[in-house]
Amino acid sequence: MAGISLRGLSKSFSSRDSDVAAVADVDIEIKDNSFVTLLGPSGCGKTTTLRLIAGYITPDRGTIEINGKLLSSPDSVVPPEARGMGMVFQNYAIWPHKNVFENVVFGLKIRKVPAAEARRKVEEALALVNLSGLETRYPGELSGGQQQRVALARSLVVEPDILLLDEPLSNLDAKLRERMRSELKELQRRTGITFVYVTHDQAEALALSDQIAVMNLGRVQQYGTPFEVYAHPANRMVADFMGLVNLVPGTVRARAGAGGEVEIAPEFVVRVDALGAFAVGDAVDVAIRPENIRLDAPGAPDGARAEISNHIFLGNLSEYYAKLPSGLTLRVQTHPLQRFAVGAPCKIAVDASLCSVFRAGGDALKAA
Ligand code: ADP
Ligand code: MG
């Protein structure tokens, strides 16, 4: 069983003309028997972090400990094969000229596990990933999803304490990806192996993870549960990356306890539960998710007057664009049974506990 501590982890790469800080001051604690995802846009340092954890590269600064034992520092790195970790890649990396059994048994042969025991372990690993009976097939005779399961079985067969997965589902089509998603989650629960998973797909991260580390430009922007990073983003980058969001400028009009009121337009003042250190008069940006805006009939007692300027029917939900008299337009998502005509008047209201407030137009910083 294995918990992982990354402390001040940093790694730069130099090329002819520049230095890239691929990973910068990454501090995260990964609990034993948990599913943790590194999430962020392409180039944000996810793979580099994973390769540091695996021991393929040496950090410039910082340390990696597993269960309190130092495995990586700028001075020494315990090699990958001595770390008790398995790794699964996007492109499967299985051998085309070996059949399923030969692919999966490989790690046991290297470890000189006796043949009968190796056969039993391969069978167990194949059963775990629902591939029993396909031992003699070659990769060319398997679907993409089955090939990815072979790669998983090959990593699981050596009974690692930690499994590192680098965008393992991105070569699969959407339906299969969703099915493999729930299988992976189930696999983690059943085995108790600590999973460190890399993806650029926020829906995948939300569905799978106990904790998500949202990364950008080599840094961890926020480390929290799926609910925390979605509902209470630490900064604008996280708010924007985790899903659809209206980021609208406003001014703090009143303070009361931890929260207060922000004026977004003369006729649209939203109450906000968490206003941090912002004071009356401060310019801010308010992040409001489309599903947290309520659309009501124009005669409703509360809310601000608006007009429906566009409607997109998406099957499981409806998307409306609600235009305030000031011209500001907000994207709203509602149940598809709630229907408004384009051009119709309406009222909009926002839940105070579901708004996040950031410094206006600014960098990444949120009210602390
Ligand atoms: P991600 O997996 O999030 O897409 P990576 O960790 O692969 O990002 O890369 C982070 C940054 O480091 C990128 O700017 C990438 O170009 C750079 N980088 C990664 N590996 C190397 C390398 N071996 N040599 C030079 N630059 C690299
Ligand atoms: Mg990558």
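In which sense, left-handed or right-handed, does α2 pass α4? Hold that thought for a moment, everyone, and good morning. One reminder before we go on: what we have here is a predicted model.

Let me begin with the helices. α2 covers residues 100-110 and α4 covers residues 144-156. The two pack with their axes 7 Å apart, at an angle of about 30°. Angles under 35 degrees count as roughly parallel, and α2 and α4 are therefore roughly parallel to each other. And now for the opening question: the crossing of α2 past α4 is right-handed.

α4 has another partner to show you, helix α5, which takes in residues 174-191. Here the axes come within 11 Å and cross at roughly 15°. That makes α4 roughly parallel to α5. As for handedness, α4 passes α5 in a right-handed crossing.

Now please turn your view to ligand 1. Which residues are around it? Going along the chain, we meet Phe 13, Val 20 and Ala 22, and then a run made up of Pro 41, Ser 42, Gly 43, Cys 44, Gly 45, Lys 46, Thr 47 and Thr 48. By type, this shell divides into 5 nonpolar residues, 5 polar ones and 1 charged.

Where do these residues sit in the fold? Two elements, β2 (19-30) and α1 (46-54), each supply at least two residues of the shell. α1 gives the most, with 3 residues.

Let's zoom in on some polar contacts, each of them to an oxygen atom of ligand 1. Gly 43 takes part through its backbone, with an N or O atom 2.6 Å from a ligand oxygen. Lys 46 uses its side chain, where an N or O atom is 2.9 Å from an oxygen of ligand 1. Thr 47 also brings in its side chain, and there the distance from an N or O atom to a ligand oxygen is 2.8 Å. How much of ligand 1 does the protein cover? On its own, the ligand has 560 Å² of accessible area, and the protein covers 61% of that.

That's my tour, friends. Thanks for listening, and I'm happy to take questions.

Notes
Residues are numbered from 1 along each chain as its sequence is written. Chains are lettered from A and ligands numbered from 1 in the order in which they are written. This is a predicted model: local features need pLDDT of at least 70, side-chain atom pairs count only at pLDDT 80 or more; totals for chains, interfaces and linings use all residues. Side-chain values use heavy atoms; hydrogens and water are left out. A residue is near a molecule or strand if one of its heavy atoms lies within 4 Å of it. A polar contact is a pair of N or O atoms within 3.5 Å; within protein, one must be able to donate a hydrogen and the other to accept it, and residues adjacent in sequence count only if both atoms are side-chain atoms. Accessible areas come from the Shrake-Rupley method with a 1.4 Å probe; for residues, only the protein chains shown count as cover. Helices (H or I, at least four residues) and strands (E, at least two) are DSSP runs, numbered from the N terminus. Ala, Val, Leu, Ile, Met, Phe, Trp, Tyr, Cys and Pro count as nonpolar, Asp, Glu, Lys and Arg as charged, and the others, Gly among them, as polar. Axes are lines fitted to C-alpha atoms, for helices over the stretch in contact, and angles run from 0 to 180 degrees between N-to-C directions. Angles under 35 degrees count as roughly parallel, over 145 as roughly antiparallel, 65 to 115 as roughly perpendicular and the rest as oblique. A crossing is left-handed if the near helix is turned anticlockwise from the far one by less than a right angle, and right-handed if clockwise.
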